[in-house]
Amino acid sequence: MSRTVLTREQVLEAADDLVKQHGPDALTMRGLAARLGTAVTSIYWHIGNRESLLDALMDRAVEEMGAIQPTGRTPATRIASVARRLRGELHARPHLIAMVHERGLTERVFLPAQRALVREVHTAGLRGARAAEAVRAVQFQVVGFVLVECARGPAPAGEPGRELPRKSVSARKDPALARALARPADPERLFAASLRALVKSLLAQGNT
């Protein structure tokens with residue numbers, strides 16, 4: 001493919017596919033050029049260096065996410081709706097978290113969600129440092145949860161802790177707890193419960 005037919009969008013699409021499949025570490029200028037069937041100099045001509053390419057990919061992801069519009073009638077439900085939307089966007093782009101970590105640009109990538117959260121915590125009566133803490137707490141909750149979800153996988157047979165811990169204190173004093181912990185977690189239910197408790201605690205600060 002020659003420089004005259006290669007476009008910036010084609011370069012970004014190929015780079016995005018490469019990162020999705022193999023992670024940011026696999027994104028090299030030589031590898032991308034080989035994928036596109038062009039010269040490395042052509043990639044530099046269209047995009048710039050690797051750092052510029054990663055920045056362009058993140059800008060593209062933010063644009064795709066678009067503005068996040070809260071839903072619900074109360075600040076708590078509206079904040080929760082932003083968190084659910086952000087979680088969904090990250091699930092659709094799991095490679096985005098790795099890119100954010102590499103570039104140290106968390107605030108930039110999560111700007112659409114952050115803007116929506118700021119409006120809602122202000123409506124709930126939070127200001128200044130408390131408002132900032134609430135916004136970041138929700139962001140960290142979502143990102144941390146998604147990271148755990150991405151890292152989870154089927155445990156090898158016989159892995160310690162996968163069976164009912166009959167000899168543990170929990171099993172003796174709270175059999176129902178032990179049985180529940182031995183079952184696979186329900187991510188949707190756990191996310192909803194933890195988010196509900198977090199938001200309730202954060203918004204209570206606006207009344208103190």
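Modeller: In this predicted model, residues 28-47 are 75% helix and 0% strand, with the C-alpha atoms at the two ends 13 Å apart.

Biologist: Which annotation covers residues 28-47?

Modeller: The unreviewed UniProt entry annotates residues 28-47 as "DNA-binding region", and that name comes from the record rather than from the coordinates.

Biologist: How should I read a salt bridge, and how many salt bridges are there?

Modeller: Side chains of opposite charge can pair when their charged atoms come close. Here the count is eight salt bridges. One of them joins Arg60 to Glu9, with 2.8 Å between the closest N and O atoms. That pair links distant parts of the chain, since Arg60 belongs to helix H4 (residues 50-65) and Glu9 to helix H1 (residues 8-22), 51 residues apart.

Biologist: Are Arg60 and Glu9 buried or exposed?

Modeller: Arg60 has a relative accessible area of 14% and is therefore buried, the cut-off being under 20%, whereas Glu9, at 43%, counts as partly exposed.

Biologist: Which residues are linked with Arg60 and Glu9 in a network of salt bridges?

Modeller: The network also includes Glu13, Asp16 and Lys20. Asp16 and Lys20 meet at 3.1 Å, N to O, and both lie in helix H1, four residues apart, or about one turn of the helix. Asp16 is buried at 8% relative accessibility, while Lys20 is partly exposed at 46%.

Biologist: Where in the chain are Arg87 and Glu188?

Modeller: Arg87 and Glu188 form a salt bridge, their closest N and O atoms lying 3.1 Å apart, and this pair links distant parts of the chain, with Arg87 in helix H5 (residues 75-92) and Glu188 in helix H12 (residues 187-204). Arg87 is buried at 7%, but Glu188 is exposed at 52%.

How values were computed
Residues are numbered from 1 along each chain as its sequence is written. This is a predicted model: local features need pLDDT of at least 70, side-chain atom pairs count only at pLDDT 80 or more; totals for chains, interfaces and linings use all residues. Side-chain values use heavy atoms; hydrogens and water are left out. UniProt positions are given in the numbering used here, feature names are shortened, and annotations may be inferred rather than shown by experiment. A salt bridge is a side-chain nitrogen of Lys or Arg within 4 Å of a carboxyl oxygen of Asp or Glu. Buried means under 20% relative accessible area, exposed over 50%, partly exposed in between (1.4 Å probe, protein chains only).
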